[in-house]
Each structure stands twice: as C-alpha cells, then as structure tokens.
Amino acid sequence: MKGSSFPVRAKPLPGESLWGFLLRLSQRNGLPVLSVLNAIKVWEKRYVQKSDLKLLDLSPTSLFDLESLSCLTGHTPDVIFGTTFVNLLKSFGTDGDTERSRFLSGMITEAYRYCPACLKQAPYHRLVWRVLGVKACLTHHCSLLDTCTRCNRSIRIQDVCDFNMCPHCGSELSDQQSQRPVFDWEKQQWMLEAWETLLLGNEVHLEPTEVAARLLYLVGGRDSVFNREISMSSLPDPTVLPTLLQHARGSLSEKRTLHLSFLLSTLYEHGIPMLEFVAVNVPQSFLDSLRKEAVRKVDELSCQAPWCNGFQLRGTLVKTGTTVKRRKSGEVLLYYLACLKCGCEYALDEQGELKERTYFISGHKLLRQLSPQILGLKDMARQTGMTEDKIRRCLAYFCTRQGTGTFAEPSSIISSKLVRRFLDEVRAGSKLKSNGNMSSS
C-alpha cells in the first residue's frame, strides 16, 4: 500500500482526531484500520495492534510512515498533524520524546468519550473529547459519556469500530441519555477555549524557560521587573515559586518544561486566556531582573552570628540541598542556607527575609544575660524560656568556640579520651539523649 492512495478520499472534519479520521476513512474504503496501519508501519518485527490505536493522536509517527500516510490520504503532514496533539507538543514540549510525554501525562484518556447529541448531528470523533479536563459539551450543555448507558460498560478507543455503536451491546450511542450535572460552566468554557488555542498549531515555539517566564510575568501583573513578594502572593501554592524560578532561569539539572496542568490551572485562577499567554511579549527588563534577583539571593546574604568571622560579610552563606519545606506550623521556608565558618543554618521566609533555622543566635543573646552562678538547666530554661534540650545544644556549641561572650566558652582542654569515647558511641548508633556514663574517668 506504500506509495498508493485511497480510492475514496475525505477531508478531516472540524476538530476531528487522527484516530477518528483514519477509522472513518478506512471504513469508507472498505478496509480495516489495522490493515491500513500495518501496511505503512515503521516497526519491522511487530504489527500494529488495537492497543496501539490510542497512540495515534499523541505519537503518530511512532506507528506509521508519515510520507506513506500523506500519499494515502492526499493530505500534507501539516494537515495530518493538525488532527493530533503533535502541534501542541511542538509548541510547548522539549525535544525529547520522554519529556513530551511527561508534559501531557495524566491529561489524555484512553476511553472513548462522546456527546450523544454531537454524534446524532455528525458521527465522528472530536480530538478534544480525549482531554480529561474537558468534561462537557458546551454546545448541548451536557456531560461527556465514556460508557454505554444501556449495558453500563465502559468503552475504550481500541474497542470502537463504529462511532455511533456500543462495541459491547450494539446500542446506538446517539440515543443515549446524558445527564446534566452541576458543572462549573464558566471554567469549562475557559478550558475548552484554552485547548482550542493549544491545538491550533501556533507558529511560535516556546522554550521551557520562556513558558515559565511568561507565567511569572502575567501572574505578577505585567510589571516591568520581577517582584518576588507579588509572585509569591499570586501563586495558589507559594512553595512552587523556587521551582518556577528554576524553570525560568534554566538552572535545572535537566532540561524540562512545566506540566501543562499547572500552566492551565494557574492561568485560569488569574483569568488569563491561553490566547493571551501565547501572544504576550515579556519585556527584556523583566527577564534581566529574574537573573539579577537570582544573583542577589546567592551573593548578598551573610551570616548573622556576631562571633562568626563571616559576620555580615556578603557571600558567606552557601545553599544546601533543600529548596522548600513547610513546617508543622504552616510556615514555608525557602532556599536553605548554611554558614561554613560557624555552622549556623538559615532559610528565607515567604517575604524573602533571612531566618535562622538553628537557635544559637537567639540562645546567645539569652545566655549572655544569665549570671555565671546559675548552672542548673531548669533555672536556665525558666529564665530564658528555652527548652532544656535547646540549652544543652547551645552550651555544647559555645563550649567549642572562642569569642562568643557567654559563660559557656571553653575554659579547659577537652579530654581526647572522652572525644574518642563519644565518637565510638556515635558510630555505634547511640542517641544523643542517652544517659550512658560518658565520664572521662
């Protein structure tokens, strides 16, 4: 069949899926769709099977030779791709096939979804019916079905031989009664318009950095420079901002783009049409401020411990492996940092302010106010408001550092025998709170 053409040809109908178009065209020419696909398949050692049909709309060229299908149908590759999700993946996805599949993962169904009224008017399969986020037909104001209401069995794409017939009981699907559930019709309208824009096949190709930068620019109110506080308050979940910034700056260890579901939900929450997102031009000043803001966080922060050699010296803190954490209190901390000179640990709060994660600095202020005669932990806890565990750690910390200004500064040489004993206990897995005999005698 390679190099030949169908005796009976047809044009794709408005919004038709490639799977539906090939099924319809094969039937008009009296051929099984699998026979057509196997005649132009790209695999050498295996045949296209029913279970592969779901790939036609997502990855068509993984099944068949594009040039051969173009000859069969009389349509250019652009027309063929216009009936699939390929143009969407080309516009927003990365170059890798794996990343392209991740971009849409969980958003495209393998079920045969349909609107009975649409099938009655024109029995063909619409590509947008495969999108899980599109749950209703706005033309007929009813929900899409994925089962036969006569036999109550689910219908899969691979089982369908006739768009208007249940593959299990033979009932006409256009006669099925679709319920009218309480939908958020405004959201469904927005979602349908967004997908229609995505599937148009826009000429522009957006790199992963551009997708994230456009999103930050729009949710930030189109300011000419990036504002962390505004962006933080604009996002439904502020903990995603660091990841979003990494995407925009291209600082991820692997090249990948934002998942489409996140892009759609964020745009919808801000009432931004997809058409506006595709067409917007981000000013260079905003892009420059994104990069400048990244440098400021890394290079302008400094250790706040008064006894530290790096006290208030810019660039003394280094980033740790942790980016975001939400505490039990609900507080969100970002950009975990540490001082290699004194061991104090920090993070940025949601307002971008530096906060100590350890409590040595606060403990330092409280312990300096105590009288040297007060040696009991309970007395210290009562006067400082700190727990006894925190006081123990502070005392241990200050006992190893000169110049802290507390009565806990080192006043004698620590026994090397005691240090070795301590290290042995640590290697053995003993807990710090254990009450074992650690005396040097």
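**Helix α1, the β5 strands and the ring pairs**

Let's start with helix α1: its buried residues are L18, W19, G20, F21, L22, L23, R24, L25 and S26. Buried means under 20% relative accessible area, exposed means over 50%, and partly exposed is in between, with a 1.4 Å probe and protein chains only. Helices (H or I, at least four residues) and strands (E, at least two) are DSSP runs, numbered from the N terminus.

A word on the model. It is predicted: local features need pLDDT of at least 70, side-chain atom pairs count only at pLDDT 80 or more, and totals for chains, interfaces and linings use all residues. Residues are numbered from 1 along each chain as its sequence is written, and side-chain values use heavy atoms, leaving out hydrogens and water.

Back to α1. The helix covers residues 18–28, and 9 of its 11 residues are buried, so the rest of the structure largely encloses it. What does the covering? The cover over the buried residues of α1 includes α2 (33–39), α3 (66–73) and α4 (77–81). Contact here means heavy atoms within 4.5 Å. After α1 comes G30, with a positive phi near 70°.

Now α3, and T73 in it. T73 counts as buried, at 2% relative accessibility. Which residues does T73 touch, leaving out those up to four places away in sequence? They are F6, R9, F21, L25 and I80. Two of these names, F21 and L25, we have already met among the buried residues of α1. The side chain of T73 also has a polar atom 3.3 Å from the backbone nitrogen of H75. A polar contact is a pair of N or O atoms within 3.5 Å; within protein, one must be able to donate a hydrogen and the other to accept it, and residues adjacent in sequence count only if both atoms are side-chain atoms.

On to G82. G82 sits in the loop between α4 and α5 (86–92). Buried or exposed? Neither: G82 is partly exposed, with a relative accessible area of 37%. G82 and L18 are 64 residues apart along the chain, yet their C-alpha atoms are separated by 8.4 Å.

Next, the strands around β5. Strand β5 spans residues 332–339, and 8 of its 8 residues are buried. Strands pair if DSSP finds at least two bridges between them. Three partners to go through.

Take β3 (residues 317–319). β3 and β5 are antiparallel, over 3 bridges. L317 has C339 of β5 as its bridge partner.

Then β4 (residues 324–326). β4 and β5 run antiparallel, joined by 3 bridges. R326 is bridged to V332 in β5. The hairpin of β4 and β5 has 5 residues between the strands, and G330 there takes a positive phi near 100°.

Then β6 (residues 345–348). Again 3 bridges, again antiparallel, between β5 and β6. L334 has L348 of β6 as its bridge partner. This hairpin also has 5 residues between the strands, and G343 in the turn has a positive phi of about 90°.

C339 leads to the cysteines. How many disulfides are there in the whole structure? The search finds 0, taking a disulfide as a pair of cysteine sulfur atoms within 2.5 Å. For C308, the closest cysteine sulfur is that of C339, at 3.6 Å, which is too far for a bond. C308 is buried, at 7% relative accessible area. C399 is partly exposed, at 34%.

Last topic: rings. The whole structure has 12 aromatic pairs. Rings of Phe, Tyr and Trp (its six-membered ring) pair if their centres lie within 6.5 Å; planes under 30 degrees apart count as stacked, over 60 as edge-to-face and the rest as tilted. Y112 and Y114 have ring centres 5.7 Å apart and planes at 20°, so they are stacked. Both Y112 and Y114 are buried. F226 and F286 have centres 6.2 Å apart and planes at 85°, so that pair is edge-to-face. The F226–F286 pair links distant parts of the chain, 60 residues apart: F226 in the loop between α9 (208–219) and α10 (228–234), F286 in helix α14 (residues 284–299). F226 and F286 are both buried. There is also a cluster: ring pairs link W307, Y359, F360, Y397 and F398.

Charges over rings, to finish. The criterion is NZ of Lys or CZ of Arg within 6 Å of the ring centre and within 35 degrees of the ring normal. R46 has its charged end over the ring of W43, 4.0 Å from the centre. R126 lies over the face of Y124, 3.8 Å from the ring centre.
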